[in-house]
Amino acid sequence: MTTRSGPGATGDLPSAPGPRRGLALAVLAGALGLDLSGLGVLNAALPEIGEHFSLDGATLQWTMTSYALTFAGFLLFGGRAADVLGRRRVFGTGVVLFTVAALVGALAPTAGMLIVARAFQGVGAALIGPATLALLAEVFPEGPERNRAMAVYGSVGAASFSGGVVLGGVLTSTAGWRATMIFSVLFGVVVLLGVKAALPPSVRHPSPLDLPGAVLVTAGLVLAVFGVSRGGASGWGDAGTVVSLVGSVVLLVGFLVWERRSADPLMPLSLFRSVPVRISSLAALVHYSAAVGMLFFAPLYMQGVLGYSPLESGLAVVPQSIILFFVANLLTGRLLGRFGPRIPMIIGLFFIGAALVAWLFTPVDGNYWLDLLPGLLLTGIGQGLTFPSMTVGSLMGVPARQHGVAGAVNVTAQQIGSSVGVAALVVVATVSTTSDTPAGTLNGYHAAYVAGALVCLVGVLVVAAVRRGWRTDEAAAAPAVAPAVEQEGAAPATT
């Protein structure tokens with residue numbers, strides 16, 4: 001083990017040489033693809049899972065929400081662990097946990113076990129996500145090279161969800177819903193095989209992990225989603241709803257108070273001094289609430305109202321994946337280099353909102369080319385612009401030694417959107433459903449699209465209004481004297 005300290009010792013390894021960077025990017029983008037394709041393949045299988053276990057819509061939602069909830073709850077802990085214990089080590093541990101939990105889900109005999117397995121997959125993903133962003137920043141220096149890497153990373157990751165929906169439709173139609181979980185097992189094994197060869201060795205920054213903070217924020221988010229879901233089913237005056245929501249507020253406020261007093265906080269509040277961090281977190285929350293919400297309702301509309309098979313509903317989103325990939329790789333990188341992340345974020349959120357407006361006109365006997373495709377294409381453009389931009393912005397003005405937790409903050413905002421945001425849209429759809437007929441159900445979906453479009457509008461206005469503070473110097477943000485670090489696999493040295 002070697003210990004370094006003193007001026008300039010940030011605890012990060014030098015950037016990897018050129019050929020190794022390509023392999024590292026493949027592994028890291030593959031890890032994001034593992035997460036999002038896992039969501040996509042299961043999304044396409046939702047109707048069959050509900051039928052297999054005889055689940056109503058509110059319970060079926062938990063096969064997705066349990067994953068998003070534990071992901072959101074443990075992300076900050078995962079980011080802190082990556083910065084303290086070493087990024088490659090935490091990354092590999094997360095991939096192993098994710099893969100084992102997927103295997104348990106594939107074999108689950110009950111809906112309860114499937115939901116629990118999904119929750120553990122979320123914990124694994126929470127270890128992977130922040131470490132991935134920190135490793136990307138470590139391997140690729142700030143500037144055009146990092147922007148290009150983030151564009152590739154974002155396009156592969158975001159396209160993986162839609163691609164996963166397509167594959168999920170194929171797997172569900174040919175082999176049943178359990179095959180969608182087996183896919184995640186095989187994908188996880190492939191990613192794990194490349195970890196040691198592609199990624200730089202772990203670097204330790206010995207310090208506490210703030211377990212009380214992790215407990216507070218996770219419990220607070222659990223109660224928030226439970227309260228929102230119960231409110232839609234039992235009413236907002238229901239005692240369980242009120243207690244859950246009040247308890248959530250108390251726990252999350254307690255988390256912030258604890259973080260403010262902690263010497264080694266799970267989430268250093270100083271991160272939010274960076275304007276890009278604040279705005280990128282908002283963009284992540286809005287993006288995931290609206291885009292994931294739309295894609296939650298998409299298979300329910302196509303299969304439940306239009307009568308599409310799982311395969312047909314999966315193939316229907318292929319154009320979204322294609323345009324997302326090309327926008328992120330051919331356009332977003334250039335916009336980031338010229339304007340920074342703010343302008344692409346504004347445009348991207350606008351397009352996602354426009355997609356939701358387009359889907360307001362979907363009828364009971366909708367035509368794919370006229371009613372569905374325009375919204376899917378607009379969503380693809382919006383995601384291709386927003387995802388890489390908010391990822392780049394989440395690390396601006398942040399010391400390199402805190403890139404793990406900074407990435408965790410942004411991905412936490414994404415998952416709050418995926419859990420609390422989507423749960424809120426489900427509530428809107430539920431209370432707005434006028435009957436059990438397809439037309440009555442579609443009224444509920446349309447109400448949810450209106451709510452999502454309004455959220456996007458607010459996001460666009462806020463990001464557009466904040467024009468100062470985007471030009472930051474990462475080096476200037478680093479402390480003059482960095483804490484001691486321990487590098488894995490190095491020879492002993494004296495200090």
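Colleague: What makes helix 5 a mostly covered helix in this predicted model?

Modeller: Of the 29 residues in helix 5, 25 are buried, and buried means under 20% relative accessible area.

Colleague: How do you know that the span of helix 5 agrees with its 29 residues?

Modeller: Helix 5 covers residues 111-139, and at 1.5 Å a residue it should span 42 Å. Its end C-alpha atoms are 41 Å apart, so the two values agree.

Colleague: Why is helix 14 called roughly antiparallel to helix 17?

Modeller: The axes of helix 14 (residues 342-358) and helix 17 (residues 438-465) cross at roughly 160° and come within 8 Å. Angles over 145 degrees count as roughly antiparallel, and therefore helix 14 is given that description relative to helix 17. As for handedness, helix 14 passes helix 17 in a left-handed crossing.

Colleague: Which residues meet where helix 14 and helix 17 are in contact, and how do they divide into nonpolar, polar and charged?

Modeller: From helix 14, the participants include Arg-342, Met-345, Leu-349, Phe-350 and Gly-353; from helix 17, they include Tyr-449, Gly-452, Cys-456, Gly-459 and Val-463. The residues of this contact comprise 13 nonpolar, three polar and one charged.

Colleague: Why does Gln-320 count as buried or exposed, and where does Gln-320 lie?

Modeller: Gln-320 lies in helix 13, residues 318-339. Its relative accessibility is 0%, and because buried means under 20%, Gln-320 counts as buried.

Colleague: Which residues is Gln-320 in contact with, leaving aside neighbours within four places in sequence?

Modeller: Gln-320 is in contact with Ser-162, Leu-295, Leu-376, Thr-379, Gly-380 and Gln-383.

How values were computed. Residues are numbered from 1 along each chain as its sequence is written. This is a predicted model: local features need pLDDT of at least 70, side-chain atom pairs count only at pLDDT 80 or more; totals for chains, interfaces and linings use all residues. Side-chain values use heavy atoms; hydrogens and water are left out. Axes are lines fitted to C-alpha atoms, for helices over the stretch in contact, and angles run from 0 to 180 degrees between N-to-C directions. Helices (H or I, at least four residues) and strands (E, at least two) are DSSP runs, numbered from the N terminus. Angles under 35 degrees count as roughly parallel, over 145 as roughly antiparallel, 65 to 115 as roughly perpendicular and the rest as oblique. A crossing is left-handed if the near helix is turned anticlockwise from the far one by less than a right angle, and right-handed if clockwise. Contact means heavy atoms within 4.5 Å. Ala, Val, Leu, Ile, Met, Phe, Trp, Tyr, Cys and Pro count as nonpolar, Asp, Glu, Lys and Arg as charged, and the others, Gly among them, as polar. The expected span of a helix is 1.5 Å times one less than its number of residues. Buried means under 20% relative accessible area, exposed over 50%, partly exposed in between (1.4 Å probe, protein chains only).
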